[in-house]
Amino acid sequence: MVAMAKWDNDVYNTPAYPVTDAARYLHIPVGTLRSWLHGRYYPTKKEGKQYFEPLIQRPDLDLPQISFTNLVEAHVLRSIRKIHGVRLDKVRSALDYLDKQFQMPHPLARVEFQTDGVNLFVESIGRLVSVSENGQLAIKAVLKSLLTRVEWNEEGIAARLFPTTHATPESSQAEPRSVAIDPRVSFGRPVVVGTGIPTIAIAERYEAGESPESIADDLDCELSQIHDAIRFELVLSRAV
């Protein structure tokens, strides 16, 4: 069992991302992300209307923005809901179990989740839901794939996220890590890795008529980086 870890209200846990932006970055419907943040009522056949608690705890309940840590948590959770359709109350119970085992805040955004946490989470889901052995292996595979897109700092806290340009979590492992979200760089906006250049700035120049080749030359970037940035932003714009 992991000892309690201190989680300061630092750059990783500062309210910085509007929910609409976070949903676009992660390919999650805005309404879905809001329900993860605020909880909601849902109907059941046996017990009538039930309420599930939020899956993600915001750093400041008086502010609508979420933190980078919350962004990582949503990144991890989307696969369970999108691919496997596990009921939200069951996900909540599994998260409570994970929190109890790790005894630390935001376990999905800790490096320990990448090691022991995935197994504990899937083990709990397997007890709560009728999931076959193959189904549990599929959940593990997708979660581990998504976690390759998270970079951890020396304290084991998620420090950088490499979002995908596809809406399906299954595709994440094959995609290059060319776009990053780092709360310490460019106010946390998506940037081209290693440059600090916001992807939106590149996409705006492209939409204004500049060629990818001329943008790459002007910014001293690889042409592939420019193409990835444009593709990332075009996918986001289609999601609006």
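A cavity here is a set of grid points where a 1.4 Å probe fits but cannot get out. Its volume is the space filled by probe spheres set on those points. With that in hand, turn to this predicted model.

The structure holds one cavity of 30 Å³ or more. The largest cavity contains about 40 Å³ of space. Its lining is made by Tyr25, Leu26, His27, His75, Arg78, Pro163 and Thr164. Helix H1 (19-26) and helix H3 (68-84) are the elements that give two or more residues to this lining. Sorted by class, the lining has three nonpolar, three polar and one charged residues.

Now step back to the whole chain. The protein chain has nine helices and six strands. It runs to 240 residues, of which 49% count as buried. Take the contacts between residues at least 6 apart in sequence: 58% of them join residues at least 24 apart.

Helix H5 is worth a closer look. It covers residues 111-128, which is 18 residues. At 1.5 Å a residue, H5 should therefore span 26 Å, and its end C-alpha atoms are 25 Å apart, which agrees. H5 also has a kink of about 60 degrees, centred on glycine 117.

Which residues of H5 are buried? They are Glu112, Phe113, Gly117, Val118, Leu120, Phe121, Val122, Ser124 and Ile125. Gly117 thus appears twice: the kink is centred on it, and it is buried. In an α-helix there are 3.6 residues a turn, so residues three or four places apart point the same way. Read the buried list with that spacing in mind. Phe113, Gly117, Leu120, Phe121 and Ser124 are among its members.

Conventions. Residues are numbered from 1 along each chain as its sequence is written. This is a predicted model: local features need pLDDT of at least 70, side-chain atom pairs count only at pLDDT 80 or more; totals for chains, interfaces and linings use all residues. Side-chain values use heavy atoms; hydrogens and water are left out. On a 1 Å grid over the protein atoms alone, a cavity is a set of points where a 1.4 Å probe fits but cannot get out, and a pocket is an open set with protein on both sides within 12 Å along at least five of seven lines; lining residues have an atom within 4 Å of a point. Helices (H or I, at least four residues) and strands (E, at least two) are DSSP runs, numbered from the N terminus. Ala, Val, Leu, Ile, Met, Phe, Trp, Tyr, Cys and Pro count as nonpolar, Asp, Glu, Lys and Arg as charged, and the others, Gly among them, as polar. The expected span of a helix is 1.5 Å times one less than its number of residues. The bend at a residue is the angle between axes fitted to the seven residues ending there and the seven starting there. Buried means under 20% relative accessible area, exposed over 50%, partly exposed in between (1.4 Å probe, protein chains only). Contact means heavy atoms within 4.5 Å.
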